[in-house]
Structure formats: structure tokens, C-alpha cells
Amino acid sequence: MSPARPDPDALLRAAARASTGRLKVFLGAAPGVGKTYEMLSDAAARRAGGLDVVVGVVETHGRSETQAQLVGFEIMPRARIAHRGQPLEEMDLDAILARHPALVLVDEFAHTNAPGSRHDKRWQDVEELLAAGIDVWTTLNIQHVESLNDVVASFTHVRVRETVPDRLLDNAEIEVVDLPPDELITRLKAGKVYVPHEAARALDHFFSKSNLSALRELALRRAAQAVDAQMLDDLRASATGGSWAVGERLLVAVGANPVASEVVRAGKRLADALRAPWTAVHIETTGERSGPAAAHLAQAMQLATQLGGQVLTLSGPSVVDGLADAAADTRATLLVIGRPQPRRWPWQRRLHARPLARRLPGLSLHLVQTSHAEAAGHGLRPPMPGIPAGLVPSFLATALVTALGQAIFARGNNITNVGLLYLLPVLFAATRYGLATGILTGLVASLAYNFCFIPPTGTFTIADPQNIITVGVLLLVAAVASQLAARLRAQALLAARSARQSAALAGFARTLTGMARPEALGDVLCAEAARLLDVRAVLLLGSADDLSILATTAPETPLAALDLAAARWSVDKGQPAGRGSSTLTACEWLFTPLMAGGATLGTLGVARGDGALPVRSDQLPLLGSLVDQAALALQRIRLEQEAADVRTLEERDRLRAALLSSVSHDLRTPLTAVLGSLRTLEPRDDEQRELLGVARAEADRLQRFVANLLDMVRIEAGAIALSIEPVDLAEAVASAVHDLRRALGTQPLRIDIAPDLPLALVDPRLFHHCLINLIENAARHGGEGPIAIVAARRGDGLDLMVIDAGPGLPPGSEARVFETFTRLEGSDRKGGTGLGLAIVRGFCKAMQLDAIAANRNDGPGACFTIRFPPDRLRQPSEPE
């Protein structure tokens, strides 16, 4: 036996856990057992030891002892979310991510967030915190676990709507906060859980002693299952042997026979009784299954999936060897195998039990006695042995050896040497046609040797006792040789089958490497799936809300509404759906998601025209390999397309920057000369004075345009040098308005800046450009209405707003208006170069300010705001 090696999947899971934060769940049977109190108490000890701990959200529910535990903790302020005119408070996820503590306490794991939050559920917030490398402690009641939700509802008659996926508990450290039912009821009566009138109602319903006892058992068992799963993962990662039977783990052997489903149901009942995880395994041997046998196997494996068991298919030279390997791999403590009746042969009862007991001495066996009626009804009685294949060629080979022996014996040679020739047809029959043909050929060869060569010849009588030994040894050697040759043949057939499958996958992989378009990949994937699995195939790409058919081998068969629902569920959940899975089994198709890089790219659907199961259990690994390779190839194609798009954008940006730099510098020199000449000219009459004023205004406008080009080049090149100084906003606005006096003309202008406002810490030159661009933008696109420049306090910060009376901005364009060369057609921002607002955003970002665009709330028009955070403001009396 080869030495044990670490499980690659377990190593990958361990590496994934090491790269993220760790989750600890304080699990309780019911509200009031003290989960939050225990979490705060343990966290206080960690904080006293120097760990950076903050409280993300903790609900005290008015309990004074819990409130006292919060003393000394840094509590993150909650985010306020307006919903239907009512302010709601939720955990501020962004603030915690920015703070990035070592440990954050998040109460009520299953809580549903207010509408408008980034995530619908609080456990999704926790996943983002864990992905950022922050450890999280949280609390949870057992009725909120997804897999136990219906179980709890069955005896409490209360079904909670807020649930948490089981996968989160599988990767978490679980601490059960336990409290006996009598003590919890005492706390409830004392008003420490609910207010008195609610406590009395709870005692009559959810908090009965029987309910609390059942919930307590569920919590303890769920924690034990999580610990057992984590222990097995660690054992596989470290390649540690042994079953480590701290808890029961069942392995159900499923054969290709009519009673396979009965064995699966018996294994499920036994697993439920023991509260143990279970796996249904089928061992593939060289024997070819007929149509009914394959149908029985597929039905049993589908049933195992629907009943919540894991499904495993392995290949091996024998059923015993395969079951032994499966039991060692799953660390099973109990093996369930079927024993159909009636038994034809005495040794049939312990056909698998005795070898398995020798191979795995620590494994318990459970034999399922199938019903006689079902066995008879399905023809389970072992059929009469049929005629083995290859008897005619094997018997002809025996006859040829007999003729050759006659020629040798006629020359007086020793007949013992002739007996060795009869091993040749035996080896031929066993290696070519199997064990049964080899043994029959050995028997015929012994009889032919006795009849033709052992005196008295022509009879089956053996006169010399020494010849009896010769015939017996010949029979024994023939049987052993047949056994070895048949085993060698079985291994060769397994190797050939595996080689064919590997060759098909390798050829498929080579074909995918040359694909450059998703459409071509879809055609190849569907064609290969149809060829290897003998099915119809369809490939759908996109999200769950926007799935489209990319390729199909059955264009004449449209997908029904149920088929599309299964496809969407497969993409949304990243799990198989449809016929042959555990979800939407009434669907005709089986959909398998294409996943790569942690994202679901689409789903592959397969179906059969006769309505049978799309894929047999032994074909599932092949289907999975096809889908995985296609997903990786599709991701590669998309990444290549994105890289090509990025290269195009980079080249375009490089050319644009070069053009801007060249044009701006080439225009600046002649423009300076033109402006100098215009300023030295003196008009002779009013007409010349008007013409000269227009020329100077347009030249100033052209100069600002060239300055914008240069500023844009500097922003994109990151070559902005800041000189931060305290600036009076009133003076800055007055200076900008003075420079724009010709562009503003007679347009009404209102400036509302209080004299007691703090000074702004900005670069005066860049801030001047921002104000000029915003005011000029309002004058050009805001119509003939008045322009207002208003400064107002906003909490500890300050907003400087430029407000016009034009048509305003199209909905959804508030952020896009600040992009380079953006002109919003159909709004008051159409026309122009689209550089002014982009420069405003670039300069504001360099000065650590925010530039915001929005429509007015009190009428038509747009409002552009420069937002100053508190650290960019200074009172005049403050020292520099």
C-alpha cells in the first residue's frame, strides 16, 4: 500500500482559511442563554491582553448585565439609513473596514439589514470583514441554521425567516453557550429575556421545557458535527491515518441492482438515528452494466443525493478493495451493505463482510436484509449461469494443443511434458475472456489430457496413482493461472478505460487552448459533452438575471420555463440543479455551473431524449472535468479580451495625452502674443471698442481652454505640485468672479458666503481654476437665470455650492459628468469640450476634497458642490 499523502483539497482549504479572518460563533439553543454576555466577557479578556478589539454592533435588548459588559470597548458608530422616511441604524461596514481592527464583535449573525444597505444579510457583511483579514466573533441561535430551520419549525411551530448558510458554520470555531431549560425558564420569568407580558406568552409557546430540551440537543449536535468535520479536514491535510472514531460516520455501499435504493434508505435511517454524516459509494469494476442495472444505480445515487448524503464513485479491481479504500478515505466507522434474499450459495452471506473485516479491523458492518417480495418482484434471485464468452476459441485452442501433444507423444516423449502445453490455452482463455472461461478451459484441458495421454488412453480412468497427482496439479495450476490472468485483464481494462477518458479530456483541453471566442468554445463544449455522454447539451452564459444561450446541440428544442428556472438557480447558487440533482428535479435538464476564479460564468445543461437521467453517477466526474476545463478556458478568453481592451485604452490615452500636450504647447505661444497685442491696442471709436472687447473676451476664453488642456495633461501625468495655504472663501470667489466678468456679462449672480466661516486649506492656484471652471460652466449651460454661489456648514465640514437655473442633469449622470470629454446630450451640459468639470474633479482629488454634482431640490437647475472635510478647514484664530 502506498504511503498516505496530504489531501490537496484539504490543503487548499487550510490555505484559504489562513488568508482570511477567523470566525467564531457563540451558538445558543434559544434567546436569553447568554451568548452576547459570553462574547463580550471573552472579548474583554482578549482586549486586556492587548488585542485590538472593537464592537461593530451589539444588541443589549435592555439587559443591564449585558450593558455593563460594554464598558471599556471602542464602539463603532452605526450608519444611518433612511427608509420610507424613517431613519434606521445598521452596522457601518465601511467604517469597520477603514478602522481594520484585529477583532470585531458582530451580534445577531442572522440579522436582515435595512433596505439600501450594501448586503441584504448581516452574515454577508461578516463575509466581507473576513475577506479583509479581520477576525469576527458573532452570536447565533440554533433555529437560524439553514439546514435545521424546518426541523425546529416541526416541533416549535415557529418558522424563522432569517437563516444562515451551513457552510459558514463548517469553517467557524463554535462555542456552545449552554443553559439548562429550567434555568432559562427562570430567567424568562424574572424578566431577564423579555418584558413580563411577552415572557408569559413565550412560556406558553416557544419556551416550553420540551422545546428548549430539543433545541439544546440540536445545538450540541450541530457543534459536534462542525468540530468533527474540521478534525477530518486537519487529518486529511496532515495525511494522518486512522478513523478517529470520536463520532459515527457512515458509508453506504450502493450496487447496480434492484435493491440499491432500499439499501440507501436503510443507510439514511441509520444515519438519522445516530445523527451521523453519511456517504453513498459505488465501486466501478470492469463488468459492463446492462440498461436495467444502470437505471437501478442511477436511481439509487439520485435518491442518496435527495436524502442529503454525499455521493462518491470509485474505480477498483474488486468491490472489496474499492470499499476498503472508500472507508479509509472517508474515515468511516460503519459500513452499510445489502444482503439480498434468497441466497443461492452458502458463502454468499459473507461475500464482502469477511474480506472487509480483515482489511479494516476497526470498521463495523451493518448488513441490510432486503425483503423477499421485492427481491422476487425485481428478479433478484441469482440467474442461472450463462455461457461464458470465448468458449469456442478456447476449446479449439485446447484441441490444437491435444493434436500437438499427440504428435509429440507418438515420438515417445514423456507425457508429463505434454501436460505443460495445456497451460497455454488456459492462459489464453483467462487473459482474453475472463476467469470463468479460463476455469472451464482448464477443466476441459485436464479431461483431454487424461483421455488422450494418461494410460489407459481412450478412457477417463487413471491406473497409475502418480498420474492422479499430475492431473490434480494441472487443474490447480490452471485455476491459479486463470485467476491471475483474469485479475491482470481486469486491471488492464480499468487502465484502458481510464486512459480513454484521460485521452478524451487531454484532447478537449488541447482544443480549448486554441479558442479565442466564447462562441467557438461553447460549440466545442456542447459537442464534446454530447459525444462522451450521449446527451443533448446547451451552454448558457451570463448572470442569473440575464442568461442567454451561447451554444446548443438541440436548437429545435427550446428551454421551458422550469428549465430556465433551474439554470438561473444553478448560476445564482453555484450548484447543480435539475434532473439528477437535489433541486428542481422535475426539470428535464441537469445544469452544472461553470465556475472559475470564485465567480459563476454560466451553466452547462445536459438531457436525454428518452427522459432518463441525463448522467449516470459514474459519469459525473467526467462531466465535472469537462465543465471545469471549459470554465478555465472561458475565463482565459475573457481575461485576454479584457487585456486587449486595456491595451487599446492605454494606447488611446497615450495618444490623447501626447496630442493634448502638443496642441496646448503649440497654441500657448501664439496665443500669448495675440493677447499682448490686443491689450496694447486703443480703440478710436465705439465700434472699434466693441470689436476689440469681443476679441479680447474670446482670446481670454481661448487662453482658459489652453490652460485646461495643460492642466488635464498634468492631472493624468500625476505632476501636480501642491502648495497648501489657508484661503478665505469669500476672497477666492470674488477673485474668480473678477476674472470671469467679461464671460458673465449681465447674468445675475448671487454670492452668499458668511464672514465667520473657517479658512479653507487648499492650493490657491488650483482652487482658483476649480472656481473659474464651475462658474463658467454654470454661465454657459445654466440658461439666463441667476447663478448662486453659496457656502454652508455641513456638520464639522463645509460645502461650497455653485447653483444654476438651467434644465439640470439627466438622471444617473451625476458621476459621469466629471469624466474627461463628457458632454451630456439632451441636458444643460451638452456642447463644449468636456474638460472643465474633469479638471475640477482632478484638482479637488489632489487637494483631498470631494466634487459632487446633483440636481436642485427646490426647482430646475444643477448644483455643483466642493465638499471640505473637517481636516481641510481652519479657524482664523488657530495657529498654522
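**Figure 1. Contacts of Leu-105 in the predicted model.** Beyond its neighbours within four places in sequence, Leu-105 is in contact with Met-39, Leu-40, Ala-43, Val-53, Val-54, Val-55, Gly-56, Val-57, Phe-73 and Trp-137. The model shown here and in the views that follow is predicted. Leu-105 also belongs to the largest nonpolar core, a set of 53 residues in which Leu-105, Leu-129 and Leu-140 touch the most other members. Helix H10, spanning residues 209-238, gives the most to this core, contributing 5 residues. A second core, separate from this one, has 43 residues, among them Val-727, Leu-729, Cys-844 and Ala-862. In soluble globular proteins, nonpolar side chains tend to be buried together.

**Figure 2. Surroundings of Met-39 in helix H2.** Met-39 lies in helix H2, which covers residues 35-48. With a relative accessible area of 0%, Met-39 is buried, because the limit for a buried residue is under 20%. When residues up to four places away in sequence are not counted, Met-39 touches Phe-26, Val-58, Leu-105, Asp-107, Trp-137, Thr-138 and Thr-139. One of these partners, Asp-107, is 68 residues from Met-39 along the chain, and the C-alpha atoms of Met-39 and Asp-107 are separated by 9.0 Å.

**Figure 3. Positive phi values at His-100 and Glu-108.** His-100 is not a glycine, although its phi is positive, at about 50°. This residue is placed in the loop between helix H4 (93-99) and strand E6 (103-106). Its relative accessible area of 40% makes His-100 partly exposed. Glu-108, likewise a residue other than glycine, has a positive phi near 55°. Glu-108 is found in the loop that runs between E6 and helix H5 (122-131). At a relative accessible area of 26%, Glu-108 is partly exposed.

**Figure 4. Packing of helix H27 against helix H28.** Two packed helices are described by the angle between their axes and the distance between the axes. For helix H27 (residues 764-781) and helix H28 (residues 836-846), the axes come within 9 Å and cross at roughly 150°. H27 and H28 are therefore roughly antiparallel to each other, since angles over 145 degrees fall in that class. The crossing of these two helices, H27 and H28, is left-handed. On the side of H27, the contact is made by Leu-766, His-769, Cys-770, Asn-773, Leu-774 and Asn-777. H28 supplies Gly-836, Leu-837, Ile-839, Val-840, Phe-843 and Cys-844. Sorted by class, the contact of H27 with H28 comprises 8 nonpolar residues, 4 polar residues and no charged residues. Cys-844, a contact residue of H28, is also included in the second nonpolar core.

**Figure 5. Packing of helix H25 against helix H27.** Helix H25 (residues 729-739) packs with H27 at an angle of about 55°, and their axes are 9 Å apart. H25 and H27 are therefore oblique to each other. The crossing in which H25 passes H27 is right-handed. From H25, the residues in the contact are Leu-729, Ala-732, Val-733, Ser-735, Ala-736, Val-737 and Asp-739. From H27, they are Phe-767, His-768, Leu-771, Ile-772 and Ile-775. The contact of H25 with H27 has, by class, 9 nonpolar, 2 polar and 1 charged residues. Leu-729, a contact residue of H25, is included in the second nonpolar core.

**Figure 6. Leu-692 in helix H24.** Leu-692 has its place in helix H24, which spans residues 686-717. A relative accessibility of 10% means that Leu-692 counts as buried. Leaving aside neighbours within four places in sequence, the contacts of Leu-692 are with Leu-678, Leu-681 and Pro-683. Leu-692 and Leu-678 lie 14 residues apart in sequence, with a C-alpha to C-alpha distance of 7.3 Å.

**Figure 7. Ala-754 between strands E20 and E21.** Ala-754 is placed in the loop between strand E20 (749-752) and strand E21 (759-762). Ala-754 counts as partly exposed, at 32% relative accessibility. Ala-754 and Ala-791 are 37 residues apart in sequence, and their C-alpha atoms are 7.3 Å apart in space.

**Figure 8. Setting of the close-up views within the chain.** The chain has 28 helices and 26 strands. Of its 880 residues, 42% are buried. Among contacts between residues at least 6 apart in sequence, 69% join residues at least 24 apart.

Methods: Residues are numbered from 1 along each chain as its sequence is written. This is a predicted model: local features need pLDDT of at least 70, side-chain atom pairs count only at pLDDT 80 or more; totals for chains, interfaces and linings use all residues. Side-chain values use heavy atoms; hydrogens and water are left out. A nonpolar core is a set of buried Ala, Val, Leu, Ile, Met, Phe, Trp, Tyr and Cys residues joined through side-chain atoms within 4.5 Å. Buried means under 20% relative accessible area, exposed over 50%, partly exposed in between (1.4 Å probe, protein chains only). Helices (H or I, at least four residues) and strands (E, at least two) are DSSP runs, numbered from the N terminus. Contact means heavy atoms within 4.5 Å. Axes are lines fitted to C-alpha atoms, for helices over the stretch in contact, and angles run from 0 to 180 degrees between N-to-C directions. Angles under 35 degrees count as roughly parallel, over 145 as roughly antiparallel, 65 to 115 as roughly perpendicular and the rest as oblique. A crossing is left-handed if the near helix is turned anticlockwise from the far one by less than a right angle, and right-handed if clockwise. Ala, Val, Leu, Ile, Met, Phe, Trp, Tyr, Cys and Pro count as nonpolar, Asp, Glu, Lys and Arg as charged, and the others, Gly among them, as polar.
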